[in-house]
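Please open the model in your viewer with a cartoon representation and keep the selection panel at hand. The tour below proceeds by selections, and each stop says what to pick and what is found there.

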Amino acid sequence: MTARLAPRDAIAVGGAGLRTRPLRAFLSALGIAIGIAAMVGVVGLSASSRAGLDREMARLGTNLLTAQPGTDMTGAQAELPLTAEAMARRVDGVREVAAIGHLDGVAAYRTGKIPKTDTNGIGVYAARTGLPSATGARLAAGRWLDAATGSYPAAVLGATAARRLGVAAPGPDAQVLAGGRWFTVIGVLEPVALAPELDTAVLVGWPAATSALGFDGHATTVYTRARDAAVERVRSVLGATANPEAPDEVQVSRPSDALAAKRAAGRAFTGLLLGLGAVALLVGGVGVANTMVISVLERRAEIGLRRALGARRGQVRAQFLTEALLLSLLGGIGGAVLGALVTAGYALWQGWPPVVPPWALAGGLAATLLIGALAGLYPAVRASRLPPTEALAAP
Amino acid sequence: MIELTEVTKRHPGGVTALDRVSLRVGAGEMVAIVGPSGSGKSTLLNIIGTLDRPTSGDVVIDGRRVGGLGDAALSELRAGRIGFVFQQFHLAPGTSALGNVADGLLYTGVRRAERARRAAAALERVGLGHRLDHRPHELSGGEKQRVAIARAVAGDPPLLLADEPTGALDTASGAGVLDLLRGLHAAGTTVVVITHDREIAAALPRRIAVRDGRIAAPEPA
């Protein structure tokens with residue numbers, strides 16, 4: 001009775017070839033490692049960036065809804081009624097309402113010497129005092145408009161607007177010219193993720209806009225914060241509430257949807273990179289197969305000896321299959337560790353929470369074993385079919 | 001122990017290596033199979049060792065009819081009943097003497113610790129008890145062949161086949177190896193030595209001369 005080899009013996013015999021030629025084993029395992037590292041890295045980075053985006057969304061909130069005037073039936077620009085804000089505030093589930101009103105034909109300049117056409121893409125808006133809390137806007141410097149400053153010629157600049165107007169810091173010396181009147185800059189905003197239109201805005205108080213710039217009082221964007229559970233319901237009624245006479249002329253949108261779309265776009269790219277990683281893995285598998293074919297050729301005498309010592313064909317086959325599996329497993333583990341390290345490093349650098357999905361690691365190792373088995377099968381079968389006399393006659 | 005009846009081996013291509021060879025070696029005998037290179041003596045050894053199958057004829061080794069056995073049964077026969085010693089030693093280069101000998105028992109189903117124990121005993125028996133941890137490149141040619149003999153006899157096979165065991169050795173080492181084989185024979189093992197060296201053959205109790213694939217007339221001692 002020829003017993004089966006104990007697992008420990010089978011692994012020792014299979015690993016003997018790797019121990020005697022460590023450099024070759026390392027290089028062919030490296031091919032597999034690069035493939036696995038690429039795949040784990042791609043999956044890990046995309047998961048980490050998604051986690052980062054999720055974290056940002058959680059911070060910003062997904063409960064901001066905006067209502068803007070669309071176009072009427074003739075295609076002309078519509079406007080929201082003066083009651084839009086007050087009506088929106090009455091909707092059940094709405095927590096906060098704020099608004100801005102664009103001042104048509106009013107541009108902002110650093111000095112009066114700048115040609116009127118060089119508006120730099122900066123718009124001047126009337127802003128309600130509740131705007132920062134509704135939109136999540138934060139001040140980089142200075143103060144926000146309040147009931148007092150909102151009536152005076154004071155302005156708060158969006159982040160981009162401040163840069164384009166060359167205002168480094170708010171203060172009595174920082175003045176901008178809007179609609180022929182000087183406004184003192186009392187604050188500068190940080191970039192606003194959910195309301196990027198504020199970045200290029202010069203914001204003045206609602207009363208000041210009315211008295212000094214001829215503002216007609218019609219809001220051009222109404223910002224509404226709803227309770228999380230009520231977002232969809234508020235969304236469905238916001239248009240009709242803001243403009244009951246012409247609900248179709250109101251565009252209601254949810255700014256966080258744009259961030260979610262960014263996330264979906266990243267997913268398609270991940271698929272492509274994953275495909276590239278799979279190609280690398282395949283090339284690594286070819287490397288292992290090549291190494292195994294050479295190994296079988298070189299070790300014909302050993303194969304013959306083992307047959308003379310009583311190894312069955314199946315045991316010779318198992319030996320070389322084990323060697324191929326060990327080789328690719330070595331590469332797979334190394335690659336998984338490498339991929340996880342790259343993911344962690346890049347994610348931390350980007351300020352994302354590092355995430356390596358366990359299924360990616362498990363899938364990577366499974367792919368490794370599959371590749372190893374495929375790569376080792378042909379050489380192993382060849383080794384087992386070698387007639388012992390021919391193997392022993394080899395030099 | 002060995003019974004060959006009308007054994008013919010024809011290689012693909014039409015070369016007849018063995019032509020209707022019949023021979024019988026009893027248990028406990030020590031025999032030299034002697035002949036010039038190309039005479040078919042290596043083919044004969046491969047057939048006796050069940051590494052090769054005859055084209056026609058009947059081979060019985062240790063009471064088992066080889067023709068009817070499959071790969072598993074043949075492997076079992078080689079693992080448990082036949083020890084091989086080769087001219088080129090065939091030792092694993094990176095492995096200690098003890099490891100090489102223990103590997104000889106790998107396919108017998110003996111557990112790891114027991115393999116090491118028997119390997120140490122076998123090395124002791126061939127006079128290398130002090131060289132257990134040496135690797136092949138640290139051993140002389142004669143010592144390497146002793147390790148190979150220890151590997152062949154570690155499982156106590158009743159039949160030992162030695163293919164030109166002294167072919168790669170100087171005279172003194174060769175004599176030492178032959179003494180060792182004679183000792184094994186004295187202990188009851190059937191020993192078959194293949195050689196082209198008439199001097200060595202002359203020193204063994206029985207000679208079978210092979211020429212052109214046939215058994216030649218027995219030579220006088």
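Begin by selecting residues 141-153 and 171-186 of chain B, which are helices α5(B) and α6(B), packed at an angle of about 20° with their axes 9 Å apart. Helices and strands here are DSSP runs numbered from the N terminus, helices being H or I over at least four residues and strands E over at least two; axes are lines fitted to C-alpha atoms, for helices over the stretch in contact, and angles run from 0 to 180 degrees between N-to-C directions. The two helices α5(B) and α6(B) are therefore roughly parallel to each other, where angles under 35 degrees count as roughly parallel, over 145 as roughly antiparallel, 65 to 115 as roughly perpendicular and the rest as oblique.

This is a predicted model, in which local features need pLDDT of at least 70 and side-chain atom pairs count only at pLDDT 80 or more, while totals for chains, interfaces and linings use all residues. For your selections, residues are numbered from 1 along each chain as its sequence is written, and chains are lettered from A and ligands numbered from 1 in the order in which they are written.

Staying with this pair, α5(B) passes α6(B) in a right-handed crossing (left-handed if the near helix is turned anticlockwise from the far one by less than a right angle, right-handed if clockwise). Now show side chains for B:Gly141, B:Gly142, B:Gln145, B:Arg146, B:Ile149 and B:Val153 in α5(B), which meet B:Ser173, B:Gly176, B:Val177, B:Leu180 and B:Leu184 in α6(B); contact means that the C-beta atoms, placed from the backbone, lie within 7 Å. By class this contact comprises 5 nonpolar, 5 polar and 1 charged residues, with Ala, Val, Leu, Ile, Met, Phe, Trp, Tyr, Cys and Pro counted as nonpolar, Asp, Glu, Lys and Arg as charged, and the others, Gly among them, as polar.

Next, select the sheet of chain B in which 6 strands follow the order β6-β7-β8-β3-β9-β10, an open sheet with mixed pairing; two strands pair if DSSP finds at least two bridges between them. At the edges stand β6 (82-85) and β10 (214-215) of chain B, each with a single partner strand, so one side of each is left without a neighbour in the sheet. At the β10(B) edge, strand β9 (residues 206-211) of chain B pairs with β10(B) in the antiparallel sense over 2 bridges, and B:Val210 has B:Ile215 as its bridge partner in β10(B). Helix α6(B) packs on this sheet, where it touches β3 (30-34), β7 (159-163) and β8 (190-195) of chain B, and its direction makes about 150° with that of β8(B).

Move to the other sheet of chain B, an open one of 4 strands in the order β2-β1-β4-β5 with antiparallel pairing. Its edge strands are β2 and β5 (64-65) of chain B, each of which pairs on one side only. Select residues 2-10 and 16-25 of chain B to see β1(B) and β2(B), which run antiparallel and are joined by 6 bridges; B:Ile2 is bridged to B:Val25 in β2(B). Between these strands the hairpin has 5 residues, and B:Gly13 takes a positive phi near 110°. On the β5(B) side, strand β4 (residues 56-61) of chain B pairs antiparallel with β5(B) over 2 bridges, B:Val60 having B:Arg65 as its partner.

Which helix of chain B gives the most to the side that touches chain A? Display both chains: 22 residues of chain B are in contact with 21 residues of chain A, and helix α2 (residues 71-81) of chain B gives the most to that side of chain B, with 7 residues. The side of chain B that touches chain A has 8 nonpolar, 9 polar and 5 charged residues.

Finally, select residues 22-60 and 358-385 of chain A, the helices α2(A) and α11(A), which pack at about 155° with axes 10 Å apart. That angle makes α2(A) roughly antiparallel to α11(A), and their crossing is right-handed. Among the residues of α2(A) that meet α11(A) are A:Ile32, A:Ile36 and A:Met39, and the contact has 8 nonpolar, 3 polar and no charged residues. Add helix α10 (residues 313-350) of chain A, which packs with α11(A) at about 150° with axes 7 Å apart.

Note on methods: Two residues are in contact if their C-beta atoms, placed from the backbone, lie within 7 Å.
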